[in-house]
Amino acid sequence: MSIQSSMSFGVIGSGSWATALVKILTDNGQRVNWWVRNAAHKDYIYKRKHNPQYLTSAHLNVSLLNISCDINDVVAASNTLVLAVPSAFIQDALKGVDKAEFSSKRIVSAIKGIVPGPDILLNDYLQQEFNIPLENYFALLGPCHAEEVASEKLSYLTFSGIDLHATEEISQLFKSDYINTVTNNDILGVQYAAVLKNIYALGAGIAHGLEYGDNFLSVYIANTADEMAVFLRKVGIQHMVVGEHDEEPNTHRKTPNYAASVYLGDLLVTCYSPYSRNRTFGNMIGKGYTVQSAQLEMNMIAEGYYASKCLNHINQTVGAEVPIADTVYKILWERLSPAQGFAKIEEGLI
């Protein structure tokens, strides 16, 4: 599939998800400017046609790639930037960017987290630091594990933005034989849902490490889905009642609700899948690893670890009843024992 487009894409990041997005775009015939930190990795990708460290099975069409270790070169050459670095490191990644150049771009966020420190969503951080209006900001979310993209197993991506025409235009450039795309305008809700599902997936991993079974896990996940809805409604997200749909004006498809792929679907796959780094991290914690030892053993970032602290801080203002997320936070950051934490969770499940 190849669609002619006036967009020139720049991808910021070289981890597994960034690599998967580069594969999707180049498979669709889109030229991509790609920022990677490591010059040796840049040379390796050009020579071997795959990332040497992440998603090594994904073949890349290097004839459509312009790889650079200078982020300003990538920003200058692109009018649409895809941000795909862990939220904990986004400030560091962007600190050398020419702010005047950056502010004129469309931004597609493939980041599932909160910017730590200010503890705000990425769209708020970009508006404050780079004057990016919300109209130029789009969220790209799952459920979509990078490993299944590499093997070209059918996956769904949700693109969210307040400009529905622009959102649909961007989404079509990612659509292929193995990628279906969905659009909505719940730009804040989808981001908070992505943050919460990572926290809950950490909890699912902890439960597995504690040797809870599938029966318990199904009840746990059902309750986290309800808790997610509680937070989203409390933060101001509306018109998301399960079983109720309107019709999207551009696509004439049903509008999503809390049972849609980007909410419940992403929660399910992140809690259940062996590819889930958050579930894997949580499993280590449940088995007795310290946070530090689990971090050392994993080669990838578990977004939910940082997100749990950020969300705890945010919720001091929001005031939503999220006892499961609170308990996961206490296990990770306040040294509550996993067994004691889940004994408390058990009492509140319905």
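# Exercises on charge pairs, cysteines and cores

Asp266 and Lys197 form a salt bridge in which the closest N and O atoms are 3.7 Å apart. Asp266 belongs to helix H11 and Lys197 to helix H9 (residues 187-209), so this pair ties together parts 69 residues apart in sequence. The model examined in these exercises is predicted.

## Exercise 1. The charge pairs of Asp266

Determine with which further residue Asp266 forms a salt bridge, and establish whether Asp266 is buried or exposed.

Solution.

1. Asp266 also forms a salt bridge with Lys112, with 3.6 Å between the closest N and O atoms. This pair links distant parts of the chain, since Asp266 is in helix H11 (residues 261-272) while Lys112 is in the loop between S5 and helix H6 (122-130), 154 residues apart.
2. The relative accessibility of Asp266 is 2%, and a residue counts as buried under 20%, so Asp266 is buried.
3. The two lysines are treated in turn: Lys112 is buried at a relative accessible area of 13%, and Lys197 is buried at 4%.

## Exercise 2. A strand-to-helix pair

Find the elements that hold Glu169 and Arg106, and classify the accessibility of Glu169 and of Arg106.

Solution.

1. The structure holds 9 salt bridges. In one of them the side chains of Glu169 and Arg106 meet, at 3.5 Å from N to O.
2. Glu169 lies in helix H8 (residues 164-172) and Arg106 in strand S5 (residues 106-109), so that distant parts of the chain, 63 residues apart, are linked.
3. Glu169 has a relative accessible area of 34% and is partly exposed. Arg106, at 24%, is likewise partly exposed.

## Exercise 3. Cysteine sulfurs

Explain why Cys144 and Cys310 take part in no disulfide.

Solution.

1. A disulfide is a covalent bond between the sulfur atoms of two cysteines. The cut-off applied to the sulfur atoms is 2.5 Å.
2. For Cys144, the closest cysteine sulfur is that of Cys271, at 17 Å, which is too far for a bond.
3. For Cys310, the closest cysteine sulfur is again in Cys271, at 19 Å, also too far for a bond.
4. A search of the whole structure accordingly finds 0 disulfides. Cys144 is buried with a relative accessible area of 7%, and Cys310 is buried with 3%.

## Exercise 4. A buried charge without a partner

State how far Glu227 is from the nearest side chain of opposite charge, and list what Glu227 touches.

Solution.

1. Glu227 is located in helix H10 (residues 214-235).
2. The nearest side chain of opposite charge is Lys344, 11 Å away. A salt bridge requires the nitrogen and the carboxyl oxygen to be within 4 Å. Glu227 is buried yet has no salt bridge.
3. Beyond residues up to four places away in sequence, Glu227 touches Tyr200, Glu321, Val322, Pro323, Ile324 and Ala325.

## Exercise 5. The nonpolar cores

Identify the residues that touch the most other members of the largest nonpolar core, and name the contacts of Leu126.

Solution.

1. The largest nonpolar core has 79 residues, and Phe102, Leu126, Tyr200, Tyr220, Phe231 and Phe281 touch the most other members. H9 supplies the largest share of this core, 14 residues.
2. Neighbours within four places in sequence being set aside, Leu126 is in contact with Leu83, Leu94, Phe102, Ile107, Asn131, Ile132 and Tyr137.
3. Another core, of 38 residues, lies apart from the largest one and includes Met7, Ala58, Val82 and Leu140.

Terms used:
Residues are numbered from 1 along each chain as its sequence is written. This is a predicted model: local features need pLDDT of at least 70, side-chain atom pairs count only at pLDDT 80 or more; totals for chains, interfaces and linings use all residues. Side-chain values use heavy atoms; hydrogens and water are left out. Buried means under 20% relative accessible area, exposed over 50%, partly exposed in between (1.4 Å probe, protein chains only). Helices (H or I, at least four residues) and strands (E, at least two) are DSSP runs, numbered from the N terminus. A nonpolar core is a set of buried Ala, Val, Leu, Ile, Met, Phe, Trp, Tyr and Cys residues joined through side-chain atoms within 4.5 Å. Contact means heavy atoms within 4.5 Å. Lys and Arg count as positive and Asp and Glu as negative; His and the chain ends are not counted.
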